[in-house]
Structure formats: C-alpha cells, structure tokens
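Please work through the exercises below with the sequence and the structure side by side, and try each task before reading its solution.

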Amino acid sequence: MPRRGPWHPATHLALLHAAPGFTVLAVGLAFGVVAGRHHLDPGRLALLAGLLATNQYAAGALNDAVDVEADAAACRTGKPIPAGAVSRRAVVLLALASGVASLGFALALGPATLALAAVGLACAWSYDLWLKGTAASVLPFAVALPLVPLFGYGAARRFPAVLWWAWPIGALAAVAVHLADSLPDVESDRAAGVHGLAPRLGVRSAAALVAAAYLLAGAAALASGLAAGEPRVVLGGAALSAALGLTALVAGARGGPKRRRVAYRLLLAGLVALALGWAGAVRP
C-alpha cells in the first residue's frame with residue numbers, strides 16, 4: 001500500500017470500503033432503473049450514481065480516519081492511513097468534501113431526495129464519530145439502509161406506497177450486514193477497546209443474530225413480493241439469497257477472521273439477490 005500513494009485508485013477504493021460501497025451503488029441504481037423504467041433519464045441516473053458513490057465514500061473515509069489508532073493497534077496495515085498511503089488529515093478533508101458532494105447530487109434530484117440524503121449522511125457520520133463503540137452501533141445502519149430504494153425512486157420523482165416494505169426488510173438486512181461485517185474484527189476490536197454490538201455479543205451470539213435477521217429479511221421480502229408482484233421472480237431471488245446465505249453460514253462456521261470475511265461477502269451477495277428479486281417482482 002505505501003507505494004500506491006494518495007492518488008492511486010486502490011487507495012480510494014479502500015477508503016470507499018468497496019464491497020459494501022459497490023453493493024449499495026448496485027442496489028440503488030437497480031431501484032432507479034425499475035422506478036424510471038417507462039421513461040429512463042440517463043442524466044438523473046448519473047446523479048443518483050454520484051449521490052450513492054459520494055455518500056458511501058464519505059462514510060468509509062471518515063470511518064478510517066476515526067479508526068487510525070485501533071487499526072494500528074490491530075496491525076491492519078492493508079488500510080490506507082496505517083499503510084502510509086495517505087494522511088489522516090487528507091482523508092478527513094476527502095470525507096467532508098465527499099459528504100458535501102453527496103448533498104449536492106441529492107439537491108439536483110429534488111428536495112425530498114436531499115432530505116433523505118441528509119438523513120443517510122447523518123447516520124453514517126454518527127456511527128463513525130459516536131456510535132461505533134456502543135451497543136447502539138447497529139442503529140444507524142437500520143435507519144440508513146432502507147433509504148437506498150428510496151434514493152432510486154427519488155431519481156424517478158415518485159414514491160409508491162409499496163416502498164414502505166423497504167423499512168422492515170432493510171432494517172433487518174442492516175442488522176445482518178452490520179454484524180456480519182463486524183464479526184471478522186471481534187477479537188481485534190475487543191483488544192483495541194472498541195465495544196460495538198458484535199464485540200459485546202461475542203462471535204457465537206452475533207452470528208446467531210446475523211442468521212436470524214437475514215432469515216427474517218428474506219421472509220419479509222418473499223411474503224410482500226408474493227403478495228404484490230411476480231411470484232417466479234421473487235421466488236428466484238429468495239432462492240438464490242437462501243443458497244448464498246447457507247453458503248455464508250458454512251463458510252463462517254467455527255472459522256477465523258478470514259473465513260468470517262468470506263462469509264460476510266457471500267451474505268452481501270445474498271442480500272443483493274434478495275433486493276433485486278423483490279424489485280423485479282414488485283416493480284412499484
């Protein structure tokens with residue numbers, strides 16, 4: 001990492017936290033395409049992509065700036081700041097600039113989307129600055145993740161009532177994602193004095209909660225999709241999601257941090273399949 005420097009693309013992909021960042025980008029754009037499918041506006045989709053990308057970058061970069069000491073203590077030299085690829089001050093400035101840019105993209109999409117983007121950014125930064133080391137560490141994710149489909153519909157200038165289902169499905173998915181992302185670092189977080197929800201619960205209890213939240217999110221998406229949409233599409237998405245979730249469970253069971261990281265990525269893929277199946281079936 002030190003040879004890459006502050007302008008290398010890999011440095012900024014790391015600050016973005018590429019796996020969750022691109023997941024949010026893909027899901028948000030998918031909902032934007034579904035929302036505007038009758039009159040697709042490439043310009044508004046580009047604004048949506050800019051909003052999602054800068055929002056995720058602002059969240060990930062500030063997270064890394066806040067975590068410098070903990071990352072150094074845990075020898076996480078793959079991260080840009082501990083590796084010397086970029087300074088902490090520069091990352092803070094990049095995070096602030098990206099946050100402002102995300103609000104600018106949102107404003108261009110309309111006042112409702114701006115309000116949603118402000119809530120999402122507040123959730124991300126409140127986690128980075130205050131809530132990460134508390135039992136409420138999952139709360140910002142539970143509020144922010146259900147906003148992603150709404151961003152897509154904001155780009156199409158409409159918010160159909162069926163999107164209310166995004167809240168229970170998204171909140172449950174957020175619990176699963178947050179805890180699964182935290183599981184590989186439980187031991188190092190405890191050693192560094194970071195006591196978010198996963199370190200407080202421990203690996204076994206946190207993994208059980210991941211499985212329960214993932215299962216309930218899938219059940220809610222399947223039930224609402226069958227009631228309001230095309231059964232074959234939502235069944236296909238739910239089946240793929242279940243298969244990926246089961247694979248994640250097997251991959252992470254009794255495994256160390258590396259296997260838990262693989263399980264997290266499989267779970268992310270499963271939630272993408274679930275979201276795309278639901279959106280494609282319901283087509284609100």
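The exercises that follow concern a predicted model, and each task is followed by a solution in steps.

**Exercise 1.** Find where H17 and R157 are located, and work out whether each is buried, partly exposed or exposed.

*Solution.* Begin with H17, which is found in the loop between α1 (9-16) and α2 (18-35). The relative accessible area of H17 is 24%, and since partly exposed covers values that are neither under 20% nor over 50%, H17 is partly exposed. Turn next to R157, which is found in the loop between α9 (147-155) and α10 (166-182). R157 has a relative accessible area of 61% and is therefore exposed.

As a last step, consider the backbone of these two residues. Most residues other than glycine have a negative phi. H17, however, is not a glycine and has a positive phi, near 60 degrees, while R157, also not a glycine, has a positive phi of about 65 degrees.

**Exercise 2.** Determine how far apart H38 and A156 are in sequence and in space, and describe the place of H38 in the chain.

*Solution.* Locate H38 in the loop between α2 and α3. With a relative accessible area of 61%, H38 counts as exposed. Then compare the two separations: H38 and A156 are 118 residues apart in sequence, whereas from C-alpha to C-alpha they are 9.9 Å apart in space.

**Exercise 3.** Identify the residues that make a nonpolar surface patch together with V66, and state which helix holds V66.

*Solution.* The patch is made by V66, L129 and W130, and it has an area of about 320 Å². Of these residues, V66 is placed in helix α3, which runs over residues 42-66. V66 counts as partly exposed because its relative accessibility is 30%.

**Exercise 4.** Describe the second largest pocket by its volume, its lining and the helices that supply this lining.

*Solution.* Start with the volume, which is about 680 Å³ for the second largest pocket. Its lining consists of 29 residues, and those nearest the centre are A207, V210, A211, G245 and L249. Next, assign the lining to helices: α13 (203-228), α14 (231-252) and α15 (257-282) each supply at least two residues, and the largest share, 11 residues, comes from α13. Finally, sort the lining residues of this pocket by character, which gives 21 nonpolar, 5 polar and 3 charged.

Conventions: Residues numbered from 1 in each chain as written. Predicted model: local features only at pLDDT ≥ 70, side-chain atom pairs only at ≥ 80, totals over all residues. Heavy atoms only, no water. Patch = residues over 30% accessible without salt bridge, like charges linked within 9 Å, V, L, I, M, F, W, Y side chains within 5 Å. Areas by Shrake-Rupley, 256 points an atom, 1.4 Å probe, with all protein chains shown as cover. Salt bridge = Lys/Arg side-chain N within 4 Å of Asp/Glu carboxyl O. Helix = DSSP H or I, 4+ residues; strand = E, 2+ residues; numbered from the N terminus. Buried < 20%, exposed > 50% of the residue type's maximum accessible area, 1.4 Å probe, protein only. 1 Å grid on protein atoms, 1.4 Å probe; cavity = no way out; pocket = protein on both sides within 12 Å on 5 of 7 lines; lining within 4 Å. Points joined across faces, edges and corners; volume = space filled by probe spheres on them. Nonpolar A, V, L, I, M, F, W, Y, C, P; charged D, E, K, R; others polar.
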